[in-house]
Amino acid sequence: MFELLKRHFQNGFRKFQSYNLQRAPADMTHKGSTPDTIEAVVCKKDDLKDGEMKQVEVGDGKVLLIREDGAFHAIGSKCSHYGAPLVKGALCNSRVRCPWHGACFSIKTGDIEDFPGLDSVPIHEVIVRGNDVVVKASVDALSKDRRMKTMHKCDSKDNRTFLIIGGGPSSVTCAETLRQQGFCGKIVIATREAHLPYDKPKLSKALDFAPAKIALRDAAFYSTYDIQLLNNKDAVKLNLAGKNVAFKDGDTISYDKLMIATGGTPRTLDCPGSDLENIFVLRTPDDGNLIAERAKQKKVIIIGTSFIGMEVAAFLAGKAGSVSVIGHGNVPFERVLGAQIGNAMMKLFVAKKVEFYMENGVKEFVGHDGKLSKVILTSGEKLDADVCVVGAGVTPCTKLLNDSGLEMTDRGHVVVDKRMGSSNADVFACGDIVVFPLFLCNDKRVNIQHWQMASQHGKVAAFNMLGTEKDICSVPYFWTAFFGKSVRYTGYAEGFDDIIVCGNVENVDDLKFVAYFTKGNNVIAVASMNCDPIVSQAAEVMANCKVITKEEITSEHHSCWVAAKL
């Protein structure tokens, strides 16, 4: 029996292995090449088995070659998000998922199917000549790692106005999808932000980014595709009967369809001294730049062990004079990642000279000449402080919907259906402000504050604003990074009753683990560090409604079980 199981695992691993780094020799460029195209024999037909991928060279470029159901496909080799090598990702059901952050691309069209990122990847022609597999690619496509889908523009004959409130990923993805799907009416994005929509996950990981450096699209993009972007435009009132939105500056904009994605408002602390100078929340690039500048060689206090707070602590460690973190729990991330991994993460920070004051809170801020000088903890301890960053989570920014008539939760979230539609047929909502049905937990309505999920919300909303029925069916995926080490996470672990950790969580110099979050007998979420692409593989297993059981992952071949489910 043992030998039978051993052969099963070995065969499964070979069949579903994620990558093969063989390359085509440079002298295999085909005689059919022209100044504008290159043809290259990249392998023999039998070199690649079904379910395998290989990165190959075509001219001076690299291409991802894939074989599925006997057919060969060739797409760009890098993820359009941050450039991860797709050959190291997860292949399943005609798409490949990025190993770093979970973006998905069709192997047949190169189109982006799940996020993060905005662009698709190039697609190349594959020709089988006898026993040779030939890739034919344009020189231009080979020189690029990304491809924008065809976009339409305004047509004066289309008098519809689609209004989008908010400047985050939902809004940009919604506007782009509308143009990609042929909408030629007016698109208006109104945001309270002063800057172009930007890549917010970068904000807490590197505070000193210039806004233009992290913009999702440049200003020319919005003007080229007739997307009107209104900055410093704070929406204050929704009028469902009149189908318009009022703004703080006195303007009113009417709409045919409305999408609301106003995001979250950072929580502040209601305690004495909270209005002192140098107490910050991180919401915008301006906040980040100011924190980075004022924290140099100063005593910094971080309030809260959220991912944002811990990322800020990691960035400032070594730049500030000292960094101290105050948290309510026993260890950071305990509620999300569990005590064992939370303890490992805390050791990682302590090794970088970050101090922790856990099971604690803030009683009072003390100042001198209007500036912060001390933080008094609920334990009675007094900490010298020059700068404080409050990372205590966010509340939904939905004040403009008060008394609007939209269905809301008691906590201020908009209730939407699988198509991101609200209780009003012409109003859609996305991102951090919504509760929506998640297919992973039998369509229970949940609030998920992930960049990836917000982007997918925007795409789904766009289709349904145009009357093309499309349901949200995306697996949650997020990531965080500290000191050059990344944690990936997929699934939805609310109510988990056990965590099975495989690997090393003791040695901070060599952290390498996979954590399986289980509920009953099923794995409902997976997290990892230095074990790519297992989280992306698990995400594809979940996306295809397959189940990983507790028995499977308690074996020493746990990673093979995940791969074999694809």
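**Overall architecture and local environments of the predicted model**

The UniProt record, in an unreviewed entry, places the feature "domain: Rieske" at residues 40-135. In the predicted model examined here, the chain over residues 40-135 is 51% strand and 0% helix. The C-alpha atoms at the two ends of this segment are 6 Å apart.

The protein chain as a whole contains 36 strands and 13 helices. Its radius of gyration is 25 Å, in agreement with the value near 24 Å that a compact globule of 566 residues would have. Along the principal axes, the C-alpha atoms of the protein chain fill a box of roughly 80 × 65 × 45 Å. Of the 566 residues in the protein chain, 54% are buried. Contacts between residues at least 6 apart in sequence were also considered, and 60% of these join residues at least 24 apart.

The accessible surface of the protein chain amounts to about 24,300 Å². Carbon and sulfur atoms account for 47% of this surface. The protein chain carries 69 positive and 67 negative charges, and the mean positions of the two sets are 2 Å apart.

Two local regions were examined in further detail. Helix α11 spans residues 534-543 and is mostly covered, with nine of its ten residues buried. The buried residues of α11 are I534, V535, S536, Q537, A538, A539, E540, V541 and M542. In an α-helix, residues three or four places apart point the same way, because there are 3.6 residues a turn. Just after α11, C545 adopts a positive phi of about 60°.

The second region centres on F428, a residue of strand β29, which covers residues 427-429. The relative accessible area of F428 is 5%, and F428 is therefore classed as buried, the cut-off being under 20%. When neighbours within four places in sequence are left aside, the contacts of F428 include K257, L258, M259 and I260. Further contacts of F428 are made with R419, M420, G421 and S422, as well as with A461, N464 and M465. R267 lies 161 residues from F428 in sequence, and the C-alpha atoms of F428 and R267 are 25 Å apart in space.

Conventions: Residues are numbered from 1 along each chain as its sequence is written. This is a predicted model: local features need pLDDT of at least 70, side-chain atom pairs count only at pLDDT 80 or more; totals for chains, interfaces and linings use all residues. Side-chain values use heavy atoms; hydrogens and water are left out. Helices (H or I, at least four residues) and strands (E, at least two) are DSSP runs, numbered from the N terminus. The radius of gyration is taken over C-alpha atoms; the globule rule is 2.2 Å times the number of residues to the power 0.38. Buried means under 20% relative accessible area, exposed over 50%, partly exposed in between (1.4 Å probe, protein chains only). Contact means heavy atoms within 4.5 Å. Accessible areas come from the Shrake-Rupley method with a 1.4 Å probe; for residues, only the protein chains shown count as cover. Lys and Arg count as positive and Asp and Glu as negative; His and the chain ends are not counted. The place of a charge is taken as NZ of Lys, CZ of Arg, CG of Asp or CD of Glu. UniProt positions are given in the numbering used here, feature names are shortened, and annotations may be inferred rather than shown by experiment.
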